[in-house]
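Hi,

Here is the structure I promised to pass on. Have a look at it first, and then read my notes below.

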Amino acid sequence: MTTSGTGTGTAPPTREQVRKAMTARTPRNYITWITLAFMITSSVASLRAAPTMAVYGLAAVFLYIVPALVFLLPTSLVSAELASGWSGGVYRWVAEGLSKPLGFLAVWCQFAMTIFYYPSLLGYVASTFAYVINPALASNGVYVAIVIVVIYWSGVWVSSQGTKTVAGLSSAGLIIGTLIPAAILVVLGIVFLGQGNQSAAPMDASHLLPQWTGIASLVLIVNNFLSYAGMEMNSVHVNTLRNPGKEFPRAMFLAIGLVLVIFILPAVAISWVIPADQLSLTAGVMQAFDAFFANFGVSWLTPILGLMLIAASIGGMLTWLAGPSKGLLTVAREEGYMPPFLQQLNKHGVQQNILVAQGVFTTLIALLYAFIPDVSSAYWILSVITTQVYLIMYLLLFVAAMRLRRTAPDHPRGYRAPALNVLCVVGFLASVAAMIIGFVPPAQFSSGSVWTYILIVGGGLGIIGLLIPWLFLRLRKPSWRQPAASAATTDEGE
């Protein structure tokens with residue numbers, strides 16, 4: 001048995017040697033590319049946004065297709081090329097293409113966004129479950145807080161069991177809670193129209209484009225860019241595939257198709273049965289199912305569909321718990337950017353302490369959201385700030401991809417995106433546009449000062465997106481680095 005290279009005159013093992021040694025000892029729990037496609041889809045698409053777009057009727061198709069062309073397609077194809085050549089997710093891509101500190105900034109921005117994503121998502125779960133058991137509970141702050149806290153910490157426990165557990169549950173959640181309900185919604189809508197019922201929204205060609213109302217229309221289109229955010233997030237799981245170079249692009253292309261179908265068809269189907277002025281933006285999906293089931297005399301199915309929608313949301317949460325935190329762990333160990341406490345793993349090789357630390361902030365936000373009057377508008381501003389932070393990651397991603405194509409043209413890639421530079425420029429400009437629009441005050445802020453809003457959003461962007469990661473970089477210590485451990489965890493807990 002050989003030593004690990006710590007003795008006199010023996011060179012320390014390289015990261016690749018450590019990785020191969022661990023691979024030889026650790027059984028790999030592979031997942032299929034279809035499972036990964038479901039994970040990607042689950043982290044991006046849901047029926048939650050359908051009511052918002054159903055208000056626009058047939059124009060919802062345009063409002064989803066344009067952002068798909070200028071944001072979804074560039075993000076997906078560029079991520080597919082990078083993931084097929086470099087494992088490790090956005091940190092590895094930006095670190096190789098630009099620098100390691102910028103790689104840390106990219107993965108931090110991806111991670112920080114999720115802190116405010118979970119209360120929003122689980123608030124939707126709480127309102128949907130209330131619709132099943134008692135609709136009056138949806139406005140009860142104590143009830144909402146309890147649901148958010150209980151489901152989040154249950155998700156942390158599930159995520160701590162390893163990626164394969166998360167993959168199975170998120171895939172099941174997507175099928176049960178998104179694909180099946182979406183199919184039912186569309187089929188019922190077609191039957192509803194086929195029976196001679198009049199569509200609540202006009203379906204003629206003159207309504208294919210939304211009415212132009214100036215800056216408000218531009219805000220609407222650009223905000224939909226971020227409906228597709230997260231396509232790159234599950235790339236940290238690329239080495240759980242048997243043939244990453246070929247299988248990850250397949251997973252990404254399947255996910256693109258599923259995402260577009262899930263976003264567009266249910267939104268149009270809802271517009272057939274619920275008039276825009278009667279549509280609830282939070283419970284619109286349940287409204288549509290209730291109306292369809294009442295029309296066909298099977299109203300008893302409404303609560304069952306509500307539970308299925310909840311399953312999809314929880315599956316999406318699990319993929320977000322597993323992805324960004326794992327990317328943060330990788331850079332924390334390799335470069336010592338975070339203290340040892342946050343680098344610790346449980347017996348399944350999962351970054352449980354990072355999830356717990358994140359959970360503390362999520363719990364505090366949930367409690368504030370539930371108990372402090374008028375906190376919803378402040379929470380909305382915080383959500384805008386974290387969206388802005390997330391866009392920093394996309395800007396770095398597109399620049400890094402162009403530079404890697406130029407500086408490492410011969411690096412092995414399982415997939416090469418066509419017209420990569422064009423895709424990156426389009427994606428970069430779309431991200432810049434979304435960031436600029438984020439500084440436009442929404443209607444909810446109409447009574448406040450525009451400059452106050454801009455200062456709040458800009459200040460939050462500077463603190464969360466730049467100051468906090470800079471402090472991690474500034475305060476790090478050489479003793480925090482665990483590069484060999486990082487290489488080992490690549491093959492553990494998968």
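**Helix 11 and beyond**

Let me start with helix 11, where the buried residues are Gly284, Val285, Met286, Ala288, Phe289, Phe292 and Phe293. Bear in mind throughout that this is a predicted model. An α-helix has 3.6 residues a turn, so residues three or four places apart point the same way. That is handy to remember when you look at Val285, Phe289 and Phe292, which are among the buried ones here.

The geometry of helix 11 (residues 284-295) checks out too: at 1.5 Å a residue, its 12 residues should span 16 Å, and the end C-alpha atoms do sit 16 Å apart, so the two values agree. After helix 11 comes Gly297, with a positive phi near 75 degrees.

Now the overall picture. You'll find 18 helices and 0 strands in the protein. It has 494 residues, and 53% of them count as buried. Taking contacts with a separation of 6 or more, 82% are between residues 24 or more positions apart. The protein exposes about 20,600 Å², with 67% of that supplied by carbon and sulfur atoms.

On to the inside. The largest nonpolar core has 145 residues, and the members that touch the most others are Val78, Met231, Phe248, Met317, Leu328, Tyr394 and Leu397. Helix 6 (residues 100-133) gives the most to this core, contributing 19 residues.

Which residues does Leu397 touch, leaving aside those up to four places away in sequence? The answer is Val78, Ser79, Leu82, Val90, Trp93 and Val94. Val78 is worth picking out from that set, since Val78 and Leu397 both appear among the core members with the most partners.

Another spot to click on is Asn353, in helix 14 (residues 352-371). Is Asn353 buried or exposed? Its relative accessible area is 16%, under the 20% cut-off, so Asn353 counts as buried. Beyond residues up to four places away in sequence, Asn353 touches Phe341, Leu342 and Gln344.

Last, the cysteines. How many disulfides does the structure hold? There are 0. Two cysteines to look at are Cys109, which counts as buried because its relative accessibility is 0%, and Cys424, which is buried at 0% relative accessibility as well.

That's it from me. Shout if anything is unclear.

Cheers

Methods:
Residues are numbered from 1 along each chain as its sequence is written. This is a predicted model: local features need pLDDT of at least 70, side-chain atom pairs count only at pLDDT 80 or more; totals for chains, interfaces and linings use all residues. Side-chain values use heavy atoms; hydrogens and water are left out. Helices (H or I, at least four residues) and strands (E, at least two) are DSSP runs, numbered from the N terminus. Buried means under 20% relative accessible area, exposed over 50%, partly exposed in between (1.4 Å probe, protein chains only). Contact means heavy atoms within 4.5 Å. Accessible areas come from the Shrake-Rupley method with a 1.4 Å probe; for residues, only the protein chains shown count as cover. A nonpolar core is a set of buried Ala, Val, Leu, Ile, Met, Phe, Trp, Tyr and Cys residues joined through side-chain atoms within 4.5 Å. The expected span of a helix is 1.5 Å times one less than its number of residues. A disulfide is a pair of cysteine sulfur atoms within 2.5 Å.
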